[in-house]
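The following paragraphs offer a guided reading of a single chain. They begin with one residue and its surroundings and then widen to the sheet and the whole fold.

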Amino acid sequence: QVQLVESGGGLVQPGGSLRLSCAASGSIRSLYAMGWYRQAPGKQRELVATTTSGGNTYYADSVKGRFTISRDNAKNTVYLQMNSLKPEDTAVYYCKANLKTNGGTRNDYWGQGTQVTVSS
């Protein structure tokens, strides 16, 4: 059984900051790329940022310079530091992990999502 648990969402003012966390647990043999996606009401889910197991990072143009993705491999946890938040960042943020289970199957796993609301 593999679970991804997100935390850190909430309501913040424009220009404020939040840090999201996503911890993967369960029958995990190897954890590969991890990333954050978001989905606003009425819109498609979009990639926000991703990081490889080696620490390479990628960002959507809309968040470059404002968001930072990082990971703690010892804790199987990925973070998303969000600074200079804008109302258009409002969305449900989902964590995704590509991993291999102890049973040898490699697949993507998703968290349940955490709400981020940026509003004055």
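In this predicted model, N83 touches G16, S17, R66 and F67 once residues up to four places away in sequence are set aside. N83 itself is found in the loop between strand 8 and strand 9, the latter spanning 91–101. One of these contacts can be described by distance: N83 and F67 are 16 residues apart in sequence, and their C-alpha atoms are 5.9 Å apart in space. Is N83 buried, partly exposed or exposed? Its relative accessible area is 30%, and buried would require a value under 20% whereas exposed would require one over 50%; N83 is therefore partly exposed.

The contact with F67 leads to strand 7. This strand has two faces: F67, I69 and R71 form the covered one, while T68, S70 and D72 form the uncovered one. The division follows a general pattern, since side chains in a regular strand alternate between the two faces of the sheet. Strand 7 pairs with strand 8 in the antiparallel sense, over 6 bridges, and within this pairing the bridge partner of F67 in strand 8 is M82. The two strands form a hairpin with 4 residues between them, and in this hairpin N76 takes a positive phi near 50°.

Strand 8 also pairs with strand 3. Residues 18–26 make up strand 3 and residues 77–82 make up strand 8; the two run antiparallel and are joined by 6 bridges. Among the residues involved, A23 has T77 as its bridge partner in strand 8.

These pairings belong to an open sheet of 4 strands, in which the order is 1-3-8-7 and the pairing is antiparallel. Its edges are strand 1 (2–7) and strand 7 (67–72), each of which pairs on one side only. On average, neighbouring strands of this sheet are turned by 15° against each other, with direction ignored.

At the edge formed by strand 1 lies Q3. Leaving aside its neighbours within four places in sequence, Q3 is in contact with A23, A24 and S25. With a relative accessible area of 46%, Q3 is partly exposed. By comparison with these contacts, a separation in space may also be given for S30: the C-alpha atoms of Q3 and S30, which are 27 residues apart along the chain, are separated by 14 Å.

Aromatic rings enter the picture in two ways. A search of the whole structure finds 1 aromatic pair. In addition, charged side chains are placed over rings: the charged end of R45 sits over the ring of Y94, 3.7 Å from its centre, and R106 lies over the face of Y32 at 3.6 Å from the ring centre.

Finally, the chain as a whole may be considered. It has 0 helices and 11 strands, and along the sequence the pattern reads β-β-β-β-β-β-β-β-β-β-β. The radius of gyration is 14 Å, close to the 14 Å that the globule rule gives for 120 residues, so the chain is as compact as a globular protein of that length. Taken along the principal axes, the C-alpha atoms fill a box of roughly 45 × 25 × 25 Å. Of the 120 residues, 39% count as buried. Among contacts in the chain with a separation of 6 or more, residues 24 or more positions apart account for 55%.

Notes:
Residues are numbered from 1 along each chain as its sequence is written. This is a predicted model: local features need pLDDT of at least 70, side-chain atom pairs count only at pLDDT 80 or more; totals for chains, interfaces and linings use all residues. Side-chain values use heavy atoms; hydrogens and water are left out. Two strands pair if DSSP finds at least two bridges between them. Axes are lines fitted to C-alpha atoms, for helices over the stretch in contact, and angles run from 0 to 180 degrees between N-to-C directions. Buried means under 20% relative accessible area, exposed over 50%, partly exposed in between (1.4 Å probe, protein chains only). Contact means heavy atoms within 4.5 Å. Rings of Phe, Tyr and Trp (its six-membered ring) pair if their centres lie within 6.5 Å; planes under 30 degrees apart count as stacked, over 60 as edge-to-face and the rest as tilted. A charge sits over a ring if NZ of Lys or CZ of Arg is within 6 Å of the ring centre and within 35 degrees of the ring normal. The radius of gyration is taken over C-alpha atoms; the globule rule is 2.2 Å times the number of residues to the power 0.38.
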